[in-house]
Amino acid sequence: MSQTNTIDLITSLGNSIIKENLDQEKLKKTIDSIHQQFHEANNISGYDTKMEYLAAIPAQRGKALGLNHAAQCLLDYHRTEKFVKAIITAILEKQKTNPNKQISIFYVGCGPYAPLFTLVAPLFSPNEIQFELLEINPSSVEAAQKLIEHLDLTAYLTKIHTADAITFHLEEPEKIDILISETLDCMLFRECYVPILANLVPQLQEDTLVIPENVVINLSFLTNSIKETNYQEEIYGSIMDVKDVLKEYTDQPLPSRVMNFKVDLKPYNMAQFDRILIDTRVQVLNDIWLHRGHSSLTIPFEIPLEQPFNYRYLNFDYYIDPEIELKCSVE
């Protein structure tokens, strides 16, 4: 398929997403077609077997996705749909409040397809929007540049950096209108969303829009697995809210453990519960959310309980060193 036809596919996808007239089967078919064109353009499929494509990339804290997994993010259909919608919405919001201003977008973790650039830029003119990209993996940078040139989108690109976003110093932070940090995984495991925001957000103006806007991790008690039709769920609520966590460290470096949350079990009859559920919800922007099971980012995680369960507290700790992970313990 020619470059022109690929751009037509992208434009049709973006217009359908913002108008909300795209069913899931058509969404999948369109993204699959775009993925095929991207694969042909830079020879990255997301399913290559080369070792350098499979390996995760170490950052100062945590790891960035390897080239293969980064490419596969495009095929997380609902995730792509919600992120594209959020970015288009953010651009339109900024245009409304700043008429005639060229909107500056800083995109962290672009991977080999830079999907939140390549799927959005053709919907606007280069005079309306400009992107600056950052990616830690040199192979992904090379692949993204090749794709951008193939699609003739270089006029939208101010610069692309090969760097670790956890330590990166923004060159002109006052000019950035929108920050995209597509650097997270389910339960905020391994990837660097929290330390990246801790570094970049304090450098930005207060009215800069951040995508995703927030991540919340919730706790529920289950009578049996949610895979069963007869399970009952008692929702406890939030055990971690990234926005709230980062507010505590606006003027200081992040410690190794950035969050501790204690759940008092005394109000609950724990004998009736078979397991607990950890539920990741991603607030992409405003009322645009990824809820349970919508995406690889929001896969629910069940932890079986051994009965009799006589503990008084559940403790949840979020670490960014030596590994980025949420840990659960009892007392």
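**Notes on the pockets, the core and Asn42**

1. Starting with the largest pocket: 21 residues line it, and Val201, Val210, Glu213, Lys243 and Leu246 sit nearest its centre. Keep in mind throughout that this is a predicted model. The space in this largest pocket comes to about 550 Å³.

2. Where does the lining of the largest pocket come from? At least two residues each are supplied by α8 (193-200), β7 (209-211) and α9 (242-247). Of the elements involved, α9 gives the most, with 4 residues. If you sort the lining by class, you get 12 nonpolar, 5 polar and 4 charged residues.

3. On to the second largest pocket, which holds about 280 Å³ of space. It has 16 lining residues, and the ones closest to its centre are Ser104, Glu132, Thr158, Glu172 and Lys175.

4. Strands feature in the lining of the second largest pocket: β3 (103-108), β4 (129-135) and β5 (157-162) each put in at least two residues. The biggest contribution is from β3, with 4 residues. As for the class split, this lining has 6 nonpolar, 4 polar and 6 charged residues.

5. Now the packing. The largest nonpolar core is made up of 106 residues, and those with the most contacts inside it are Phe117, Leu133, Leu188, Ile211, Phe221 and Tyr318. Helix α5 (residues 77-97) provides the largest share of this core, 7 residues.

6. Tyr318 is worth a look on its own, as one of the core residues with the most contacts. Which residues does Tyr318 touch, once its neighbours within four places in sequence are set aside? The nonpolar names on the list are Met187, Leu188, Val194, Met240, Val258, Met259, Ile324 and Leu326. Tyr318 is also in contact with Ser256, Arg257 and Glu325. Leu188 turns up here as a contact of Tyr318, and Leu188 is itself among the core residues with the most contacts.

7. Last, a polar side chain: Asn42, which lies in helix α2 (residues 24-42). Is Asn42 buried or exposed? Its relative accessibility is 5%, so Asn42 counts as buried, the cut-off for that being under 20%.

8. What does the Asn42 side chain have for polar company? A polar atom of that side chain lies 3.1 Å from the backbone oxygen of Pro112. Beyond its neighbours within four places in sequence, Asn42 is in contact with Pro112 and Tyr113, and also with Ala143, Lys146 and Leu147.

How values were computed. Residues are numbered from 1 along each chain as its sequence is written. This is a predicted model: local features need pLDDT of at least 70, side-chain atom pairs count only at pLDDT 80 or more; totals for chains, interfaces and linings use all residues. Side-chain values use heavy atoms; hydrogens and water are left out. A nonpolar core is a set of buried Ala, Val, Leu, Ile, Met, Phe, Trp, Tyr and Cys residues joined through side-chain atoms within 4.5 Å. Buried means under 20% relative accessible area, exposed over 50%, partly exposed in between (1.4 Å probe, protein chains only). Contact means heavy atoms within 4.5 Å. On a 1 Å grid over the protein atoms alone, a cavity is a set of points where a 1.4 Å probe fits but cannot get out, and a pocket is an open set with protein on both sides within 12 Å along at least five of seven lines; lining residues have an atom within 4 Å of a point. Grid points are joined across faces, edges and corners, and a volume is the space filled by probe spheres set on the points. A polar contact is a pair of N or O atoms within 3.5 Å; within protein, one must be able to donate a hydrogen and the other to accept it, and residues adjacent in sequence count only if both atoms are side-chain atoms.
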